[in-house]
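Got your viewer open? Let's take a walk through this structure, one selection after another.

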Amino acid sequence: DAVPRNPGSTIKLLTTLVGLDLLGPAFTWTTDVYINGDVNEGKLDGDIVLKGHGDPFLVTERVWQLLRQIRQLGIREVTGDLHIDDSYFFIEDYDPAAFDRQPLRAYNVAPNALLMNFKVVRYWFEPEHDTGEVHVWLDPPMENLTVDNRLSVAPGACRGYQRGISITANDALDRMTLNGKFPGGCKLYAMDRTVLSHNEFVYGLFLSLWRESGGEFFGGWQNVKAPADKKPTLSFTSLPLSDVITRINKYSNNVMARQLLYTLSAEVLGEPGTESGGREVISKWIDDSGLDVDELVLQNGAGLSREARMTAAGMGTLLEYAWRQPYMPEFVSSLALAGRDGTLRRRFDDASLHGMAHLKTGSLDDVVAIAGYLQARSGRRFSVVTLQNHEDVHRGPGQEVQEALLRWVYEH
């Protein structure tokens, strides 16, 4: 099919394929730490500098490991500030509400060279029936975030959109207001939402984890440039790219895909990495590889776009190219396994398809797509692509067509 259509999140296959080809499966990111000042008897009279290089998976647990390495330098108390250098990427004006007017949703987070925990906290809600109040706590806890809890418990089963909870934010994203009636039938409920600016989030998470580990910190934060003439005191290494693309493709993580696009720009064209630079790198890679991928509109490399376009034939060309490469096992295993994990964990009523296909899914309003590989009953392997763009196709009909197609291929 040579008709360009919106591919949704299946476009991530192109971004991750180029990443593997140009950077290699073992590529890693670093987060550099500089200690400015003297350390005496556990006290740092000075500042800690963090410089990010775009690690897409610097989640809370890994930030804790980073801070543990800093503590192993003999530092317990810091009298100065946290200095943050996120200059490795250049992010133009970004409106997180532009795509769907949902600025607090995790999938709308902007990239950042020092992205921590996707700039997301998880709210936990638990009803307190004796008082009629709702207990709320955050993971990770953020000392520089205020939560105004106006929730109350109402009788009823644990159902309804967001369980009746609405979250509104002030302009600075440092004060969240919770309103609504929370069903008493819920024992525990969780909701992930973005908070704070990127640098405020880094500071808040650093402060929380540092104090949680028994350390003392008295300063604020500043946005600075790390010293160019000084080696970092330590460098914290990310997971390898092969692990990162698994998280991008199996769970369709948008901000991680965008981090990779910016990384391609910075690594190939020089820092700072930009979105346009990433598109340029991918376009040149397609030309240099001699691939017939016509009518491509990449946008942000993640698929969260109404303008992105690709043909099913072009996607098939990419899949066949990837199959012939030495990193094919890493690429294929990054895709969700039909009926088993990732975005396909609860898909496919036909149990014969379970475990027989590695696929990337894509879904937007009026868009559904799948692309990947299927092993047929005969033992033959096929590359499979469907890109469906039609009013309300995302409400069920699209997935029914996909399953019918995969069943047909499976029998060949």
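Start by selecting strand β2 (residues 43-52) together with β4: the two run parallel and are joined by four bridges. Strands and helices here are DSSP runs numbered from the N terminus, where a helix (H or I) has at least four residues and a strand (E) at least two. Two strands count as paired if DSSP finds at least two bridges between them.

Before we go on, a word on what you're looking at: this is a predicted model, in which local features need pLDDT of at least 70 and side-chain atom pairs count only at pLDDT 80 or more, while totals for chains, interfaces and linings use all residues. Residues are numbered from 1 along each chain as its sequence is written, and side-chain values use heavy atoms, with hydrogens and water left out.

**Stop 1: around β4**

Click on Val49 and look across to β4, where its bridge partner is His83. Now add strand β14 (residues 221-223), which runs parallel to β4 and is joined to it by three bridges. Here Ile84 stands opposite Asn223.

Which residues of β4 are buried on each side? Leu82 and Ile84 are buried on one side, and His83 and Asp85 are buried on the other, so to speak a strand with both faces covered. Buried means under 20% relative accessible area, exposed means over 50%, and partly exposed is in between (1.4 Å probe, protein chains only). In a regular strand the side chains alternate between the two faces of the sheet.

**Stop 2: the loop after β4**

Next, select Asn108, in the loop between β4 (82-85) and β5 (120-128). Asn108 counts as buried because its relative accessible area is 2%. Show the neighbours: leaving out residues up to four places away in sequence, Asn108 touches Tyr94, Pro96, Phe99, Asp100, Gln102 and Leu304. Touching, or contact, means heavy atoms within 4.5 Å.

Zoom in on Asp100, whose side chain makes a polar contact with the side chain of Asn108 at 3.0 Å. A polar contact is a pair of N or O atoms within 3.5 Å; within protein, one must be able to donate a hydrogen and the other to accept it, and residues adjacent in sequence count only if both atoms are side-chain atoms.

**Stop 3: β5 and its partners**

Move on to β5 and add strand β6 (residues 133-139): seven bridges join them, and they run antiparallel. Arg122 stands opposite Asp139 in β6. The hairpin of β5 and β6 has four residues between the strands, and there Gly132 takes a positive phi near 75°.

Then add strand β12 (residues 189-194), which pairs with β5 in the antiparallel sense over six bridges. Phe125 stands opposite Tyr189 in β12.

**Stop 4: unusual backbone spots**

Most residues other than glycine have a negative phi, and most peptide bonds are trans. Where can you find cis ones? Try the bond from Asp139 to Pro140, which is cis with omega near 0°. Pro140 sits in the loop between β6 and β7 (146-149). The bond from Glu271 to Pro272 is also cis, with omega near 0°, and Pro272 lies in the loop between α5 (254-269) and α6 (275-289).

Now jump to Glu295, in the loop between α6 and α7. Its phi is positive, near 60°, in a residue other than glycine. Glu295 counts as exposed because its relative accessible area is 51%. Gln299 is in the loop between α6 and α7 as well, and phi of Gln299 is also near 60°. At 29% relative accessibility, Gln299 is partly exposed.

**Stop 5: Gln325**

Select Gln325, in the loop between α7 (312-323) and α8 (328-333). Buried or exposed? Gln325 counts as buried, at 18% relative accessibility. A polar atom of its side chain lies 2.9 Å from the backbone oxygen of Tyr321. Draw a line from Gln325 back to Leu82: their C-alpha atoms are 44 Å apart, with these positions 243 residues apart along the chain.

**Stop 6: a four-stranded sheet**

Finish with an open sheet of four strands, in the order β16-β17-β18-β19 with antiparallel pairing. Its edge strands, each paired on one side only, are β16 (336-337) and β19 (381-389). β16 pairs with strand β17 (residues 357-364) over two bridges, and Leu337 stands opposite His358 in β17.
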